[in-house]
Amino acid sequence: MSRGLFAGFLLPGATLASREMTRFFRQRSRVIGAVLPPVIFWFLIGSGLGRSFRHAPAGAAGQNYLEYFFPGTIILIVLFTAIFSTISVIEDRREGFLQSVITAPVSRASIAFGKILGGTGIALLQGTVFVVLAPLAGVSLASLPFLYVFGMLFVISFALTGLGFAIAWRMDSAQGFHSVMNLFLMPMWFLSGSLFPMEGAPGWLKGVMTANPLTYGVAALRHGFYGAERAAGVFPSPALCFWVSLGFGLLTTALSVALCTRRERSA
Amino acid sequence: MSPEKAAVEERPSAAAGRALALEVEAVSFAYPGRRSAERVPALDGVSFNVGKGEVFGLLGPNGGGKTTLFKVLSTASLPSSGRALVFGRDLIADPAGARRDIGIVFQSPSLDRKLTVKENLTHQGRLYGWTGRRLEARIGELLSRTGLSSRASDLVETLSGGLQRRAEIAKGMLHVPKLLLMDEPTTGLDPGARRDFWTYVAELKREGMTILLTTHLMEEAERCDRLAILSRGKVVAGGTPAELKEEIGGDVITVLARDPAAFSAAARKRFGLEALVLDGTVRIEREKGHEFIPDLVGTFPGEILSVTVGKPTLEDVFVRRTGHRFWGEEK
């Protein structure tokens, strides 16, 4: 782009991100849809499973299930929000907004960044709302390592919104996205250590969970909430969680930019 | 190449000798098909020029290639070959440079319905690098020009179709483009809004704006300074509406005959003229049609059910250049 970094990249990225936020908060059903179901899941599944299965796995020593399930629920909120905000790419395309964006004198990368950043902001806010509820899960906010928790939450939100964008960019219907969500995104969450710890899983599943980048996001929040002393010696370490999540975020962003830079061509 | 194409190029254009706003040269585009044999070219060597300050119309039936051409000109799609220069800058090779000079009004709305009119314009301005007071002032100016000032903070989805189209035009005009591209701008508008639209176009033209619009409506094409008629991906005719109709010369006689094919053959033999059968009617171009009709009816008594004579329309031009009806092309 011959135009400056500001006019050709930062300004369009920022304006698209702020549009994303405005739209989200204007549609109240979306706000509720992203926050309420995970909270209900947490409470119902947490209460039900907690009473039925008392066997305490190594990673969750001394915790009740509601406590164990809490970090995974935050990740679920972030995942839902990321999904809903990237589905809007499909709406933008179908409703026509996107046509005026792709013909504007801005780099395609700024379109991807704006969209992803907007989704990240929304996901981060929603996640934060739930973090404030942490005392319900036996975590005192006073002892919470805020910087680590929010830093990680940001990186994870960014990675998941990027993933959603990369999936949604080429799709022409929201239905298609839903099947990807059920086939790919939900299992990714199930197998992230949100619902059950890796230690008790059979070997093959352990392999899948180790390869799942979201496992490191859930573990990171677990470290943040329940302290490094409990996490001592537990795989993965806080540092590993950070690097894997960051790598995941960079990868999905790079993928989004690469996909979105391609223009429709004549055959 | 076809004789039509040669004719288009020979015709001295009204734009000759003036600065050109848009030069389209041999643009081709094909949508991907499963096999290369199945690929139908949506654009096949399209060439035309638009002079500075002109209102130029791309007329053609739906499926004729207008929308594909519009996508190429708006830099949304890359053609397989050809050039398109906007004020001398190739929008295919250097889209970023050309984009600042082009304002685009899409056929399907590009406004975000969940945002207000003003929010839409603000985001649009920022995409073009405008900020602060300059943007604020420009938005105010456009809102008052399009009569939307009082609706500025209403959500777009609460606006009527006509007002949405106005907001759409304000959006396309925001960054002060030199060339305004509009795809079927009056689609879905009621007659009142349509009139408003053409008043606004005339106003923009007076201010020196160059406008290219696509349409499938003959009466709208009539209002353009110059036209290119697009059919099956090719420019089949070009010129001012008057020039195009002149080439037919005289009148167009439409005959409803008992047996159109037999009548057409007999008339051709008897009078040595072209008699084209179209949708069960026979179409004859002839000077002084009213003088010819008594001859025609007298020669074929009982064969003719009805005869009408009229001045050529742009539809007649289309029929002559393509051999089929404007609206019947899909069949």
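This tour of a predicted model follows one helix of chain A and the parts that surround it.

Begin by selecting helix H3, residues 65-95 of chain A, together with helix H7, residues 174-194 of the same chain, whose axes lie 11 Å apart and pack at an angle of about 160°. Angles over 145 degrees count as roughly antiparallel, and H3(A) and H7(A) are therefore roughly antiparallel to each other; the crossing in which H3(A) passes H7(A) is right-handed. To see where the two helices meet, show the side chains of H3(A), including A:Ile75, A:Leu79 and A:Ile83, and those of H7(A), among them A:Phe177, A:Leu185 and A:Trp189. Sorted by class, this contact of H3(A) with H7(A) holds 11 nonpolar residues and 3 polar ones, with no charged residues.

Next, keep H3(A) and add helix H5, residues 108-132 of chain A, where the two axes come within 8 Å and cross at roughly 150°. H3(A) and H5(A) are therefore roughly antiparallel to each other as well. On the H3(A) side, the residues to select include A:Ile77, A:Val78 and A:Thr81, while H5(A) brings, among others, A:Lys115, A:Gly118 and A:Ile122. By class, the contact of H3(A) with H5(A) has 9 nonpolar, 8 polar and 1 charged residues.

Now turn to the largest nonpolar core, which has 135 residues and in which A:Ile75, A:Val78, A:Leu79, B:Leu181 and B:Ile229 have the most contacts. H3(A) gives the most to this core, with 17 residues. Centre the view on A:Ile75, whose contacts beyond four places in sequence include A:Ile156, A:Trp189 and A:Leu214.

Finally, select B:Val252, B:Ala257, B:Ala267 and B:Ile284, which are among the 9 residues of another core lying apart from the largest one.

Key:
Residues numbered from 1 in each chain as written. Chains lettered and ligands numbered in written order. Predicted model: local features only at pLDDT ≥ 70, side-chain atom pairs only at ≥ 80, totals over all residues. Axes fitted to C-alpha atoms, helices over the stretch in contact; angles between N-to-C directions. Helix = DSSP H or I, 4+ residues; strand = E, 2+ residues; numbered from the N terminus. Parallel < 35°, antiparallel > 145°, perpendicular 65-115°, else oblique. Left-handed = near helix turned anticlockwise from the far one by under 90°. Contact = placed C-beta atoms within 7 Å. Nonpolar A, V, L, I, M, F, W, Y, C, P; charged D, E, K, R; others polar. Core = buried A, V, L, I, M, F, W, Y, C linked by C-beta atoms within 7 Å. Buried ≥ 20, exposed ≤ 12 C-beta atoms within 10 Å, placed from the backbone.
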